[in-house]
Amino acid sequence: MQYWGHANGDWRFEQHRSEWIQEQDIAELASYGINTVRVSIGYWLPGFDKTGGSDWAVFAPGALKYVDLLVKNWAVKYNVAVLVQIHAAKGSQNGLDHSAPPSPGQSYWALYPENVRNTVDLAVFIADRYKQEIAFLGVGLLNEPSGTTDEVTLKNYYKTAVSEIRATGNDCILTVAPLLYEQDPDHFQDFLLSEIHVWQEWHKYLIWGYEWMNEEQILNEGIPGVQEQINVWKGNPLFIGEWSIATTDNAPFDDLARFKDFGNRYRDTITTAGGGWTYWTWKTSYDENTDFQEKNSWSLRQILRNGWFTI
């Protein structure tokens, strides 16, 4: 958007949003037995900033109507619940590309109180906008905090957001995530236990931190290790907000039968989490390009279409 400007950028985003996820996507995922979608949004979604900033204005407007369409129409029609996830907070909570950092690789969210306040306002806005909608499950309060985000600021943000949302009489699900490198039973075990409908969110991939493992090690150490973490968790309901059966080149699972066995075993492990799961991601731009790769592990749609595992 900085490159194109609104004159050339807005219509491109409008075209993408209108074509990428459509009603047939929700119908198809529901046909497989999926009952929940997790949709990622950025801080620019409402089209204003109560803290007075203008950074949001560079982004293409118009995304809110598609979230409305999902929550108020498609999700109701196909009996699917929607969790709206704050994926890009003002200033960036982790510096990674998917959080829209103002400077690549830099995270400023926790460094400025107005950024944190903006995220509280965003969470309250989402919860209030959809609290009467029967398909609205709740709000993912922050995706993968890391970088310069510290635990004290993070916990205070969660407490404030939960308090302000509950003060409106809204009892929707609210997910909280620890720092990205602390998604384990040693952190947040006792956090917000007295609050109703607060879930702990982890993202469990057998990729980062598992680069050294071969296929046998993934099966015999990686998956059991995740299972053990789930088993010993004693905090609020555990929600696996992201996972995938994608692996590193060191564990390619080229044999299809072995690949299916791996996928089914890991699905069974993730399913033991008390709050359920959502897969990253529903589809990719190269799903139907068979020349790209035989097994597109990032696309749940393609996994299900190919019968690699079932829900």
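Biologist: Happy to look at this with you! At roughly what angle do the axes of helix H6 and helix H7 cross?

Modeller: Bear in mind that this is a predicted model. Two packed helices are described by the angle between their axes and the distance between the axes. For H6 (residues 215-232) and H7 (residues 256-271), the axes come within 9 Å, and they cross at roughly 10 degrees.

Biologist: Is H6 roughly parallel or roughly antiparallel to H7?

Modeller: Angles under 35 degrees count as roughly parallel and those over 145 as roughly antiparallel. The crossing here is roughly 10 degrees, so the term for H6 against H7 is roughly parallel.

Biologist: Nice. How many nonpolar, polar and charged residues are in the contact of H6 with H7?

Modeller: On the H6 side the contact includes Leu 219, Ile 223 and Ile 230, and on the H7 side it includes Phe 262, Tyr 266 and Ile 270. Glu 215 and Glu 216 of H6 take part too, as do Arg 258 and Arg 265 of H7. The residues divide into 8 nonpolar, 3 polar and 4 charged.

Biologist: With which residue does the side chain of Arg 258 meet in a salt bridge?

Modeller: The N to O distance for this pair is 2.7 Å. The partners sit in distant parts of the chain, 43 residues apart, with Arg 258 in helix H7 and the other in helix H6. Arg 258 counts as partly exposed because its relative accessibility is 26%, while the partner counts as buried at 15%. That partner is Glu 215.

Biologist: And which residue forms a salt bridge with Arg 265?

Modeller: Here the closest N and O atoms are 3.8 Å apart. The two residues are 4 apart in helix H7, so about one helical turn separates them. Arg 265 is partly exposed with a relative accessible area of 33%, and the partner also counts as partly exposed, at 36%. The partner is Asp 261.

Biologist: Are Arg 301 and Asp 287 buried or exposed?

Modeller: Their side chains meet in a salt bridge, 3.1 Å from N to O. This pair links distant parts of the chain, 14 residues apart, from helix H8 (residues 300-305) to the loop between H7 and H8. Both Arg 301 and Asp 287 are buried.

Biologist: How many salt bridges does a search of the whole structure find?

Modeller: Beyond the pairs above, there is a network of salt bridges that links Arg 38, Glu 201 and Glu 242. For the whole structure, the search gives 17 salt bridges.

Biologist: Let's turn to the strands. Which residue in S3 is the bridge partner of Val 84?

Modeller: Strand S2 (residues 81-88) pairs with S3 in the parallel sense, over 4 bridges. S3 (residues 136-140) is largely enclosed by the rest of the structure, because 4 of its 5 residues are buried. The S3 partner of Val 84 is Val 139.

Biologist: Is Thr 175 buried or exposed?

Modeller: Thr 175 is found in strand S4 (residues 173-176). Away from its sequence neighbours, Thr 175 has contacts that include Leu 83, Val 139, Trp 199 and Phe 239. Its relative accessibility is 1%, and therefore Thr 175 counts as buried.

Biologist: One last friendly question: how many Å apart in space are Ser 54 and Leu 238, C-alpha to C-alpha?

Modeller: Ser 54 lies in the loop between strand S1 (36-42) and helix H3 (64-77), and it counts as exposed because its relative accessibility is 54%. In sequence, Ser 54 and Leu 238 are 184 residues apart. In space, their C-alpha separation is 36 Å.

Note on methods
Residues are numbered from 1 along each chain as its sequence is written. This is a predicted model: local features need pLDDT of at least 70, side-chain atom pairs count only at pLDDT 80 or more; totals for chains, interfaces and linings use all residues. Side-chain values use heavy atoms; hydrogens and water are left out. Axes are lines fitted to C-alpha atoms, for helices over the stretch in contact, and angles run from 0 to 180 degrees between N-to-C directions. Angles under 35 degrees count as roughly parallel, over 145 as roughly antiparallel, 65 to 115 as roughly perpendicular and the rest as oblique. Contact means heavy atoms within 4.5 Å. Ala, Val, Leu, Ile, Met, Phe, Trp, Tyr, Cys and Pro count as nonpolar, Asp, Glu, Lys and Arg as charged, and the others, Gly among them, as polar. Buried means under 20% relative accessible area, exposed over 50%, partly exposed in between (1.4 Å probe, protein chains only). A salt bridge is a side-chain nitrogen of Lys or Arg within 4 Å of a carboxyl oxygen of Asp or Glu. Two strands pair if DSSP finds at least two bridges between them. Lists of a residue's contacts leave out its neighbours within four places in sequence.
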